[in-house]
Protein chains: 2
Amino acid sequence: MAASAVTEVHSETRATEEGAVAGRSECCQLYHRAVELVGKRWTGAILLVLLDGPLRFSEIRHLVPDLSDRLLSERLKELEAEHIVEQRVLDGSPVRVEYALTSKGMALEPAVRALKAWAKNWLGD
Amino acid sequence: MAASAVTEVHSETRATEEGAVAGRSECCQLYHRAVELVGKRWTGAILLVLLDGPLRFSEIRHLVPDLSDRLLSERLKELEAEHIVEQRVLDGSPVRVEYALTSKGMALEPAVRALKAWAKNWLGD
């Protein structure tokens, strides 16, 4: 029953829907790009742990279980290319590097916090 | 320089980081699952257009350009399995089906809106 109904909807003409969805904007390209960027596997987790302040590579690894060195390197490079994360080289011997959110990265905080709250409320027991 | 610094960080012992990240919680599993769920290709776009109210299959297709019938079917099934979207069969001849966000789906609104605002502010020109 449900299957045939769906088939019916698939095959109907576009004439009526043009009217029905008039005034509703298409999904914006920028939002779509944001979802693809932030929703990429591990990226959301990396952003979450960096919201509390800069971390060294090994510290991120420690806070995001199951994330490999290779994937973390890859994700950090992507986030640096998008100017969401920046690498900071700290003076001293041995030299140390840490990763910090830029202003653009920090601006993701409301979205990340809201999703975290949703997860706690709706995906828990 | 940056490369060698990163190598140094990779190879340092875990002893110091245990102290440095003490008190900072690990990325929570529920949040990670939420990112994987909502961040999946096209899922964010489908949620965005459904926030304004129920839509038929062909209407979603119309509002999310470049999304194929096959992928939309797949994503809707996944969202139904997670109880984020529900299918409603409307009386009448021919029978009509529409897709609506459940309470769990509507609860994603703050996260979706926040991400959309970020995209507009930071990914635009």
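Here is a short conversation about helix contacts and a strand pair in a predicted model.

Colleague: Why are α8(A) and α8(B) called roughly antiparallel to each other?

Modeller: Their axes cross at roughly 165 degrees and come within 8 Å. Angles over 145 degrees count as roughly antiparallel, so α8(A) and α8(B) are described that way. The crossing itself is left-handed.

Colleague: Which residues make that contact between α8(A) and α8(B)?

Modeller: On α8(A) they are P110(A), A111(A), A114(A), L115(A) and W118(A), and on α8(B) they are P110(B), A111(B), A114(B), L115(B) and W118(B). By class, this contact has 10 nonpolar residues, with no polar and no charged ones.

Colleague: And what makes α4(A) and α3(B) oblique to each other?

Modeller: Helix α4 of chain A, residues 43–50, and helix α3 of chain B, residues 29–38, cross at roughly 135 degrees. Roughly antiparallel needs an angle over 145 degrees and roughly perpendicular needs 65 to 115, so α4(A) and α3(B) count as oblique. Their crossing is right-handed. G44(A), A45(A) and L48(A) of α4(A) meet Y31(B), H32(B) and V35(B) of α3(B). That contact has 4 nonpolar, 2 polar and no charged residues.

Colleague: How do you know that β1(B) and β2(B) pair?

Modeller: Pairing takes at least two bridges, and β1(B), residues 85–90, shares 6 bridges with β2(B), residues 96–101, in the antiparallel sense. For example, Q87(B) has Y99(B) in β2(B) as its bridge partner.

Colleague: What lies between β1(B) and β2(B) in the hairpin?

Modeller: There are 5 residues between the two strands, and G92(B) in the turn has a positive phi of about 130 degrees.

Terms used
Residues numbered from 1 in each chain as written. Chains lettered and ligands numbered in written order. Predicted model: local features only at pLDDT ≥ 70, side-chain atom pairs only at ≥ 80, totals over all residues. Helix = DSSP H or I, 4+ residues; strand = E, 2+ residues; numbered from the N terminus. Axes fitted to C-alpha atoms, helices over the stretch in contact; angles between N-to-C directions. Parallel < 35°, antiparallel > 145°, perpendicular 65-115°, else oblique. Left-handed = near helix turned anticlockwise from the far one by under 90°. Contact = placed C-beta atoms within 7 Å. Nonpolar A, V, L, I, M, F, W, Y, C, P; charged D, E, K, R; others polar.
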